[in-house]
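The following note is intended for a colleague who is meeting this structure without prior acquaintance. Please read it with the model open alongside.

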Amino acid sequence: MKAILVHTPGGPEQLRLDDIAVPTPAAGQALVKIYKSGVNFIDIYFRSGLYKAEPPFSIGMEGAGVVEAVGEGVTDVAVGDRVAYAMQRGSYAEYAVVPSWQLVKMPDGLDYAQGAAAMLQGMTAHYLTHSTWPLKPGDTCLVHAAAGGAGLLIVQMAKMRGATVIGTTSTAAKAEKAREAGADHMILYTEADFAVEARKLTAGRGVDVVYDSVGASTFEQSLDSLRPRGLMVSFGNASGPVPPVAPLTLNNKGSLFLTRPTLAHHCANRDELLWRAGDVLGWVDDGKLKLHIEKTYALSDAAQAQIDLASRKTTGKLLLDTIT
Ligand code: NDP
């Protein structure tokens, strides 16, 4: 089968299309023939070496396809099931073995592109808005990169929960997309001081929670956007990892809370996974949650997909077509 492997962490040119054997599912695993693979920023962190794996390593954390075989003891899924999954590396490939508990059966109304587009960023938006800070009417949240893959879904879920959403983007065209997704106010954070603007929009008080996936370049100002005892949710490193923070900083800026969560700890068992994925895929199925699939690349063009994602050119979701 064809699979993208990284033999040496580094630039996009390190994504190599190799021919390798189709894996055999061990006990508790299923073999999935992948039709579509999601492209996510976390793939860039692994490829570049920011997140560690033993080379040569497979890449891609999200896919949708059909179960072709199951290992011993598997009861969660059966051969022929249409499934989607996230947070298991190896989806930039024609086949992947996945622990069966991580596989979710897709509603009949969804195609593989929707399945692969919804899982990782959708469950991330779900835990951020439902668990990390369970938004409620009256809350105001600040969402960075609001037209990105995760961003557009956070905006929609925040609105579903009745919050006021202030979004940031680098361009007016991206801001328009975030507004279409429901954002109440948009700030071009490449032109304006978003902390100043966020305070103006909240009558000087500051926002209740910041969902910050940008990292290094926004961290300080994000803290300055919060109301006293507000929550800073640093959940990504698109501009680079955040440097160490002194706890006293949180005191000085208003007894703030700081968390650095990851999806892996928010779909840690089958019940939690089925809750979040069930909500996300169900909302897509009944039209409550809109996916914005910007472009689908050939598997052999995975490097270009990552280049486009890293260069701030894209909005919404990027996919790979894994049927070669
Ligand atoms: P996006 O589609 O959001 O792409 C990243 C966006 O970040 C860009 O489009 C850009 O938007 C913004 N950005 C700001 N500065 C930079 C920079 N220097 N370089 C590149 N982009 C920049 O990607 P994803 O939706 O895949 O991921 C978004 C973030 O969420 C990532 O940091 C990812 O790691 C994180 N994430 C974290 C998870 C978790 O559980 N912790 C799970 C899923 C995603 P603009 O042009 O508007 O500034």
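The points below take up the ligand and its surroundings, and then two local features of the backbone.

1. Status of the model. The structure under review is a predicted model. The remarks that follow should be read with that origin in mind.

2. Location of the ligand. The ligand takes up the space of the largest pocket. Elements contributing two or more residues to the shell around it are α1 (41-48), α2 (112-132), α3 (149-160) and α9 (302-310). Of the elements, α2 makes the greatest contribution to this shell, namely four residues.

3. Domains around the ligand. Domain 1 is assigned to 2-120 + 267-321, and domain 2 to 136-260. Each of these two domains supplies at least three residues to the shell around the ligand.

4. Composition of the shell. There are 30 residues around the ligand, and those that come nearest are S170, K174, Y189, L263 and R312. Sorted by class, the shell comprises 14 nonpolar residues, 13 polar residues and three charged residues.

5. Backbone contacts and burial. Which atoms of the protein backbone does the ligand approach at S213, A238 and L263? At L263, a polar backbone atom lies 2.7 Å from an oxygen atom of the ligand. L263 is also among the residues that come nearest to the ligand. At S213, a polar backbone atom is 2.9 Å from a ligand oxygen atom. At A238, a backbone N or O atom is 3.2 Å from a nitrogen atom of the ligand. The ligand taken alone exposes 910 Å², of which the protein buries 92%.

6. A cis peptide bond. Where does the backbone adopt a cis peptide bond, with omega near -5°? This bond runs from P55 to P56. P56 is placed in the loop between α1 and β4, the latter spanning 57-58. The helix on one side of this loop, α1, is also one of the elements that give two or more residues to the ligand shell.

7. A positive phi angle. M87, a residue other than glycine, has a positive phi value, near 65°. M87 belongs to the loop that joins β6 (82-86) and β7 (95-99). A reader inspecting the backbone may wish to view this residue alongside the cis bond from P55 to P56.

Technical notes
Residues numbered from 1 in each chain as written. Predicted model: local features only at pLDDT ≥ 70, side-chain atom pairs only at ≥ 80, totals over all residues. Heavy atoms only, no water. Near = heavy atom within 4 Å. Polar contact = N/O pair within 3.5 Å; in protein donor to acceptor, adjacent residues only side chain to side chain. Areas by Shrake-Rupley, 256 points an atom, 1.4 Å probe, with all protein chains shown as cover. 1 Å grid on protein atoms, 1.4 Å probe; cavity = no way out; pocket = protein on both sides within 12 Å on 5 of 7 lines; lining within 4 Å. Sits in = over half its atoms within 2 Å of the grid points. Nonpolar A, V, L, I, M, F, W, Y, C, P; charged D, E, K, R; others polar. Domains from an automatic or database assignment.
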